[in-house]
Amino acid sequence: MTDRPEPYEEEYRIALLRERLARGGQAELGVRVERRGGGVLLTGTVPNATRREEILDLARDTLPGLTVRTEVALAGRDAPDHGEELP
Amino acid sequence: MTLLGPDRTGRPVVRVAAVGDIHLGEDCAGLLRPAFETLPGCADLLLLAGDLTRHGTAAEARVVAAEVASIGVPVVAVLGNHDHHADEPEEVVRVLRDAGVRVLEGESTVLPVAGHKVGVAGVKGFCGGFVGRSAGEFGEPEMKAFVRTARRSADRLAGALAELEAHGCAVRIALTHFSPVPDTLAGEPPEIYPFLGSYLLAEAIDAQGADLAVHGHAHLGTEHGMTAGGVRVRNVAQPVIDHAFALYRLPLDGRSAHPSEASAPAPVPARYGLG
Ligand SMILES: [Fe+2]
Ligand SMILES: [Fe+2]
């Protein structure tokens, strides 16, 4: 189904996406869902690109007809080049 | 300032590497290993602040174990809530312990560093909220069980910290997954703070004393905080530090460490002269 949902239905669908992300453990990864303009914006940080794809797929599946934009970053995995002195 | 070179003050120090919330799935093998292999050159120990796996399965724990196995520095860990999701935390613990990781749940461990003792007291911790905005032990059994879980967890942390004091550790570190303070949650929606930590952990830390408290869990939070009693708190969730680990250097001659008689921590009301 690709029909745009009724505006009130959008709210519940976005809530459903948040719940699905929570159940899959992605919500706690810091992935946030916000309404932006006529669509939704996903932000946050995940360990790898596969995880990012999963989240995008889940969002498209849950929110048919809505524009889904993502700004999901990958967590830095380099050793630090400095530290903190705690005297 | 770099910590990778020698300490110019000449004082004995411990270099602590720490990270939490690496959330490794079965498809993440080798992700952090290259960075972890640099640890012997820059750190004396590695702390893992929970949420090491994605769903808490033994298969995911094996991925974590392979990342840190024979890494050249001692590895001390607590589990996080994700590591409990598959309902087999004892399997996760077993796999990690088989790889040499010291997994703590209400326990402590003491490591020798430069002729001094460095102690780590660890517990997963739990939710409940912070002073003035916390859940109370009242009403339905589910609610009481929720609050009691947080309280028991804090009591276990207090007990483990008391062991470090008894050992005369030069540096005492409290390692948790949930946050003891709201400071390091800045960036998270305030409405979910009660799910991110409990002030009971900070109360235990302040009552027993510690030189550093390290936690994870708050992916959108910030790195720096402090307990009411002045203990420095660091949120090392990987998305927060945006590296494979964070590095902290603490002096080993900062406090006059002398072993004391092991004594059980006083129950909270007694600390304030009540009941
Ligand atoms: Fe996490
Ligand atoms: Fe967590």
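The following dialogue discusses the contact between chain A and chain B in a predicted model, and the sheet that both chains form.

Reader: How is the size of an interface often given?

Author: The size is often expressed as the accessible area that is lost when the parts come together. In this model, chain A and chain B bury about 2,800 Å² between them. Of this area, 50% lies on carbon and sulfur atoms.

Reader: How many residues does the contact take from chain A and from chain B?

Author: Chain A gives 28 residues to the contact, and chain B gives 42 residues.

Reader: How many salt bridges and how many residue pairs in polar contact are counted between chain A and chain B?

Author: There are four salt bridges between the two chains. One of the four joins Arg54(B) to Glu54(A), with the closest N and O atoms 2.6 Å apart. Polar contacts are counted for residues at pLDDT 80 or more, and on that basis twelve residue pairs are found between chain A and chain B.

Reader: Which elements give two or more residues to the side of chain A that touches chain B?

Author: They are α2 (49–62) and β4 (84–85) of chain A. The largest share, three residues, comes from α2(A). By class, this side of chain A has eight nonpolar, ten polar and ten charged residues.

Reader: In which senses may the strands of a sheet pair?

Author: Strands pair through backbone hydrogen bonds, and the sense is either parallel or antiparallel. Here, β4(A) and β13(B), residues 246–251, pair in the parallel sense over two bridges. Within this pair, Glu84(A) stands opposite Tyr248(B).

Reader: In what order do the six strands of the open sheet lie?

Author: The order is β4(A)-β13(B)-β1(B)-β2(B)-β3(B)-β4(B), and the pairing is mixed. The edge strands are β4 of chain A and β4 (102–103) of chain B, each of which pairs on one side only.

Reader: Which of the pairings are parallel and which antiparallel, taking β1(B) with β13(B) and β2(B) with β3(B)?

Author: Strand β1(B), residues 13–19, is antiparallel to β13(B), with six bridges between them; Val14(B) stands opposite Leu250(B) there. By contrast, β2(B), residues 45–49, runs parallel to β3(B), and four bridges join these strands. Leu46(B) has Val75(B) as its bridge partner in β3(B).

Reader: Are the faces of β3(B) covered or open?

Author: Both faces of β3(B), residues 75–78, are covered. Val75(B) and Ala77(B) lie on one side, Val76(B) and Val78(B) on the other, and all are buried.

Technical notes
Residues numbered from 1 in each chain as written. Chains lettered and ligands numbered in written order. Predicted model: local features only at pLDDT ≥ 70, side-chain atom pairs only at ≥ 80, totals over all residues. Heavy atoms only, no water. Contact = heavy atoms within 4.5 Å. Buried area = accessible area lost by both parts, 1.4 Å probe. Salt bridge = Lys/Arg side-chain N within 4 Å of Asp/Glu carboxyl O. Polar contact = N/O pair within 3.5 Å; in protein donor to acceptor, adjacent residues only side chain to side chain. Nonpolar A, V, L, I, M, F, W, Y, C, P; charged D, E, K, R; others polar. Pairing = 2+ DSSP bridges. Buried < 20%, exposed > 50% of the residue type's maximum accessible area, 1.4 Å probe, protein only.
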